[in-house]
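Good morning, and thank you for making time for this item. I would ask you to keep the sequence and the structure in view while I go through the sites one by one.

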Amino acid sequence: MTHAAHAYAKQHSDRFLEDLKHLIRIPSISTMPKHADDVRKAANWIRDEMEKIGMETAELIDMPEGRHPLVFGTWMGAGPDAPTVLVYCHYDVQPAELEDGWDTEPFEPTVKGDILYARGATDSKVNVITQLRAIESILATPEKSPVNIKFILEGEEESGSETINAFVAKHRDRLTADVSVISDGPIIAPDQPSMVIGLRGIIGMEIHVQGPVRDLHSGHFGGNVHNPVQAITEILAQLHDENGTVTVPGFYDDLIPVSAAEREAIAGADKYYEENWHKTAGAPKVWGEAGYTIQEKAGIRPTLELNGIWGGYSGPGVKTVLPAKAGAKITCRLVPDQDPTKIFEAIQKHILNLAPDTIKVEMFMQDMGAPAIRIPHDSKAAQTANQAYFNHWGKQAVMEVAGGSVPITSTFATVTDEVVLMGYSHKGGLAHGPNENIYLSMFDKGIGTAIDFLLLYGQS
Ligand code: BES
Ligand code: MN
């Protein structure tokens, strides 16, 4: 589309990139209490920018239930008869330390060729800046925006979403709109746009195993006390069978069967999932349930993942200890129509059944999570998004079911008539890992796409 907003974006493209770098340099790590001031600093910067670009309102919102503020801006100048678009992003990031295996400082954006490396580049500050600057570019034109805009950003997406959950529960009317644009996640390859038509849900839990009341001498007591590290591994080893299938009774009961037509609809994304696995997973061999493609195992099948395990001594040299405690963290990726609480209860029951009476086991469900969601690919929003991507990538988007979770999505689906996911990073961007990155050549196309979505949604 030729529109003055695109000329404006082009003219200011260097500044937009500087903004991205500026936001990246603020380490807005939501899960670490010592970074709370940084999270707020990022929020304040975004709020100030909203004011500068001519949003009519721009505020930070705190809720007693949460830790980090929402940023909420509105521009309702298109009038009551025009559609309203609710744009969502998250401005918080996962932790990162140089020692995790980064080649450069994680919070110092480093450009090498066409790639910018930094924590939050892919997940999800490129999306924040893309949406902010697309809105700026449209509001800077004489005719301004054909749609009303509500722009909401949370600072707890990576760590529980308490504030946004509480805000929607109490003030859902403030978010009323025709469509939610969830601007998070990547497209499938730098030169191939994709539309996410399914997002997995998530639950998290911990298992704590207690053996003796205190650490013991493994010579005096080994052989007579059930070692909690041994016991927890015995239990965890029984949660999957040799095919990689989860053994928890009831785990698969509520799965909505995926039709051949649905599998066909996403098959165009298979080769990208395979390529990406071989390029970025770095594991010796593909693993998992037989009969499913890599994409299907990452999108339409639920998983039970061991995220961490602790207990006993793992320092240098030998310590002949029989430890008192062991523990593990588990998350499950959910698919429709698994209910988060029901799945936790099924796992808890199964684990407590597996536990022998020589140890004590406790299970805790973590206060986070969300159900999975399917997103129609023929809605007005999806068609508009497709057209917008096509305008800038010159290619039809392929459909995919994404494995990650954006917990608020299923809630927003009940607040607005339609939901669409629009991300502007790339799948190989190593989100959550060392050397997270984006392609700079995608940045201007992304802003162009975000501009076109708003303009086209206002026309149709
Ligand atoms: N951007 C991701 C979610 C994502 C990943 C969407 C891949 C689409 C494709 C998001 O920031 C994220 O990482 N979410 C967490 C949520 C969790 C901490 C509750 C996730 O999926 O692990
Ligand atoms: Mn993330």
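Let me begin with a definition: a residue is called buried under 20% relative accessible area, exposed over 50%, and partly exposed in between. Pro356 has a relative accessible area of 30%, and it therefore counts as partly exposed. This proline sits in the loop between helix 11, residues 340-354, and strand 15, residues 360-365. Between Pro356 and Trp277 there are 39 Å in space, C-alpha to C-alpha, for a separation of 79 residues in sequence. I should say at this point that the model is predicted.

I turn now to ligand 1. Which residues come nearest to this ligand? They are Asp123, Glu157, Asp184, Arg333 and Ser405, out of 17 residues around it. By class, that shell is made up of seven nonpolar, five polar and five charged residues. Three polar contacts deserve mention. Arg333 places a polar side-chain atom 2.8 Å from an oxygen atom of ligand 1. His90 does so as well, with a polar side-chain atom 3.0 Å from an oxygen atom of the ligand. In the case of Ser405, a polar backbone atom is involved, and its partner, 2.8 Å away, is a nitrogen atom of ligand 1. As for cover, ligand 1 exposes 520 Å² when taken alone, and the protein buries 86% of that area.

Next, the metal. Which protein residues donate to the manganese ion, ligand 2? The donors are Asp123 through OD, Glu158 through OE, listed twice, and His432 through NE2, at 2.0 to 2.6 Å from the ion. Along the chain, the donors of the manganese ion follow the spacing D-x34-E-x273-H. Asp123 and Glu158 link distant parts of the chain, being 35 residues apart. Asp123 belongs to helix 4, residues 121-139, while Glu158 lies in the loop between strand 6, residues 148-154, and helix 5, residues 162-171. Both Asp123 and Glu158 are buried.

Why is the arrangement around the manganese ion called irregular? The six donor atoms subtend angles of 54 to 160°. For six donors to count as octahedral, opposite donors must be over 155 degrees apart and all others between 65 and 115. An angle of 54° falls outside those ranges, and the arrangement is therefore irregular.

His432 has further features of interest. This donor is located in the loop between strand 19 and strand 20. Its relative accessibility is 43%, so His432 is classed as partly exposed. Its phi is positive, about 70°, although the residue is not a glycine. The loop between strand 19, residues 425-426, and strand 20, residues 437-439, also holds Leu430. Leu430 likewise has a positive phi, near 55°, and is not a glycine. With a relative accessible area of 31%, Leu430 is partly exposed. By way of background, most residues other than glycine have a negative phi, and most peptide bonds are trans.

That brings me to the peptide bonds. The bond from Asp123 to Ser124 is cis, with omega near 10°. Ser124 is in helix 4. A cis peptide bond also joins Pro336 and Asp337, with omega about 10°. Asp337 lies in the loop between strand 14, residues 325-334, and helix 11.

Let me stay with helix 4 for a moment. Thr122 has its place in this helix. Is Thr122 buried or exposed? Its relative accessible area is 4%, and it is therefore buried. Thr122 and Gly446 are 324 residues apart in sequence, yet their C-alpha atoms are 12 Å apart in space.

Two buried polar residues complete the presentation. Ser28 is in the loop between helix 2, residues 13-25, and helix 3, residues 36-52. Its relative accessible area is 0%, so Ser28 is buried. The side chain of Ser28 makes a polar contact of 3.0 Å with the side chain of Lys125. Asn148, for its part, is in strand 6. At 2% relative accessibility, Asn148 is also buried. Its side chain reaches the backbone nitrogen of Ala78 at a distance of 2.9 Å.

To close, I return to Asp123. This residue is among those nearest to ligand 1, it is a donor to the manganese ion, and a cis peptide bond leads from it to Ser124. Thank you for your attention.

Key
Residues are numbered from 1 along each chain as its sequence is written. Chains are lettered from A and ligands numbered from 1 in the order in which they are written. This is a predicted model: local features need pLDDT of at least 70, side-chain atom pairs count only at pLDDT 80 or more; totals for chains, interfaces and linings use all residues. Side-chain values use heavy atoms; hydrogens and water are left out. A residue is near a molecule or strand if one of its heavy atoms lies within 4 Å of it. A polar contact is a pair of N or O atoms within 3.5 Å; within protein, one must be able to donate a hydrogen and the other to accept it, and residues adjacent in sequence count only if both atoms are side-chain atoms. Accessible areas come from the Shrake-Rupley method with a 1.4 Å probe; for residues, only the protein chains shown count as cover. Ala, Val, Leu, Ile, Met, Phe, Trp, Tyr, Cys and Pro count as nonpolar, Asp, Glu, Lys and Arg as charged, and the others, Gly among them, as polar. Donors are N, O and S atoms within 2.8 Å of the metal (3.2 Å for Na, K and Ca); water is not among the atoms, so sites may look incomplete. Four donors count as tetrahedral if all angles lie between 85 and 135 degrees; four count as square planar and six as octahedral if opposite donors are over 155 degrees apart and all others between 65 and 115; anything else is irregular. Helices (H or I, at least four residues) and strands (E, at least two) are DSSP runs, numbered from the N terminus. Buried means under 20% relative accessible area, exposed over 50%, partly exposed in between (1.4 Å probe, protein chains only).
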